[in-house]
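Open the model in your viewer and keep the selection panel at hand. Each stop below says what to select and what is there.

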Amino acid sequence: MNAIFTTPPRPFDVTALFPQLAPLARTATRLHPRPGSPTVHDSSVGGPLLWPADEPWPSCEEPHDSRVTRVVHSPDDVRLLRRVRAAAAERLRLDPEAPQWTPEERETWERIKVGRPWFDGPIPLLPVAQLYARDVPFPCPPDADLLQVLWCPFDHEEAAHPRTALFWRSSATVTDVLDAPPEPPVVQQDCYLPEPCLFSPEQVTELPNPRELDKELRDQLDDMSRWETIDPARYNTYADDPGELYLNNLSTAPGWKTGGWSSWPRTDPRPRPCPECGTEQVPLLTIASWEWDGGSETWIAEEEPANPAPPPLGAQDCNFTLIDIIGGYDLQLHACPASPDHPHIELMP
């Protein structure tokens with residue numbers, strides 16, 4: 001695991017003002033991914049998977065539209081360009097008068113920006129996340145203690161985001177590990193290649209997004225008079241209106257997490273029936289583009305350095321995994337509580 005991160009206490013106990021919220025509390029596990037060097041035995045983002053050597057590596061057989069992007073790169077091109085950018089950023093941090101690019105870096109960029117030929121065959125999936133139940137609590141099938149999430153690094157016709165595949169397994173049964181899984185020859189966007197990160201799991205309490213509450217309770221949350229017992233100075237520190245205060249600071253945590261409540265930042269909640277048995281599915285894993293934003297800064301971990309030196313990849317943009325889904329969306333994977341190995345649902349609300 002990575003360093004320990006601790007979410008600050010919520011600005012105040014909203015259930016004391018609205019007791020109806022207390023029974024709705026759920027536990028979520030914030031994952032706090034940070035750049036690292038994971039092994040197959042770690043819970044991670046973008047790290048190597050504990051994949052059996054005798055099990056075929058999955059591929060996406062669906063067609064991919066070459067018109068969605070002008071230039072595509074190989075995963076190795078993306079990794080090299082990230083190293084070049086990181087070296088340039090560190091050089092400028094140490095010496096603001098240093099050249100933005102060295103001749104070697106500019107030559108590398110000129111070579112990579114041309115791109116690679118389009119590829120029309122099956123696309124090997126990329127590892128996105130690996131979660132061991134010993135590190136992160138999440139609903140597992142009875143014979144499993146490991147969840148592996150992979151995706152195709154291309155948008156698809158019915159969804160403008162990578163399509164995910166889930167694999168459940170018992171880690172104890174994997175004795176011979178696949179050393180060199182295949183990689184896609186190209187990826188649609190560099191932000192679909194996760195930067196290897198380790199997790200720092202932390203359990204927090206979440207309350208429903210306001211859109212999931214009944215109208216009576218929503219109206220009460222919007223009633224300024226119900227908040228009069230809150231110190232005005234503290235109240236004004238966190239919000240200009242009750243809805244903003246509750247949504248950004250008191251309901252759902254931002255960033256990568258398991259469990260908790262679904263987030264509905266742009267759309268109304270919609271039914272999530274299991275495609276196989278009809279049971280309402282529950283949040284399994286949130287694949288987040290950002291760990292926090294300008295409206296959710298109260299969720300920044302207490303140990304988060306304000307100006308780390310050197311800053312890890314993504315620190316400036318609060319995006320340590322370097323995943324970005326349509327400019328800042330989250331991809332929320334939901335699983336069936338009756339049987340987690342039923343087909344999952346992808347939501348990008």
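The tour goes from the whole chain to one strand, its partners and then a single residue.

**Before selecting**

This is a predicted model: local features need pLDDT of at least 70 and side-chain atom pairs count only at pLDDT 80 or more, while totals for chains, interfaces and linings use all residues. Numbering starts from 1 along each chain as its sequence is written, and side-chain values use heavy atoms, with hydrogens and water left out.

**Stop 1: the whole protein**

Select everything and show it as a cartoon. The protein has six helices and 14 strands. Both are DSSP runs numbered from the N terminus: helices are H or I with at least four residues, strands are E with at least two. Switch to the C-alpha trace. Along its principal axes it spans about 60 × 60 × 40 Å. The radius of gyration is 22 Å, which agrees with the value near 20 Å for a compact globule of 349 residues. That radius is taken over C-alpha atoms, and the globule rule is 2.2 Å times the number of residues to the power 0.38.

Now colour by burial. Of the 349 residues, 49% count as buried, meaning under 20% relative accessible area with a 1.4 Å probe, protein chains only. Next, colour by charge. There are 28 positive and 55 negative side chains, and the centres of the two sets lie 3 Å apart. Lys and Arg count as positive, Asp and Glu as negative; His and the chain ends are not counted. The charges are placed at NZ of Lys, CZ of Arg, CG of Asp or CD of Glu.

**Stop 2: strand S13**

Select residues 331–335. Five of the five residues of S13 are buried, so this strand is largely enclosed by the rest of the structure. Show side chains. Leu331, Leu333 and Ala335 point one way; Gln332 and His334 point the other way.

**Stop 3: the partners of S13**

Add residues 282–287, strand S12. S12 and S13 run antiparallel, joined by five bridges. Pairing requires at least two DSSP bridges between two strands. Find Val282: it stands opposite Ala335. Then add S14, residues 345–347, which pairs with S13 in the antiparallel sense over three bridges. Here Leu333 stands opposite Glu346.

**Stop 4: Thr29**

Select Thr29 in strand S1, residues 26–30. Is Thr29 buried or exposed? Thr29 counts as buried, at 3% relative accessibility. Leaving aside neighbours within four places in sequence, its contacts include Val136, Pro137, Glu202 and Trp256. Contact means heavy atoms within 4.5 Å.

How values were computed
Buried means under 20% relative accessible area, exposed over 50%, partly exposed in between (1.4 Å probe, protein chains only).
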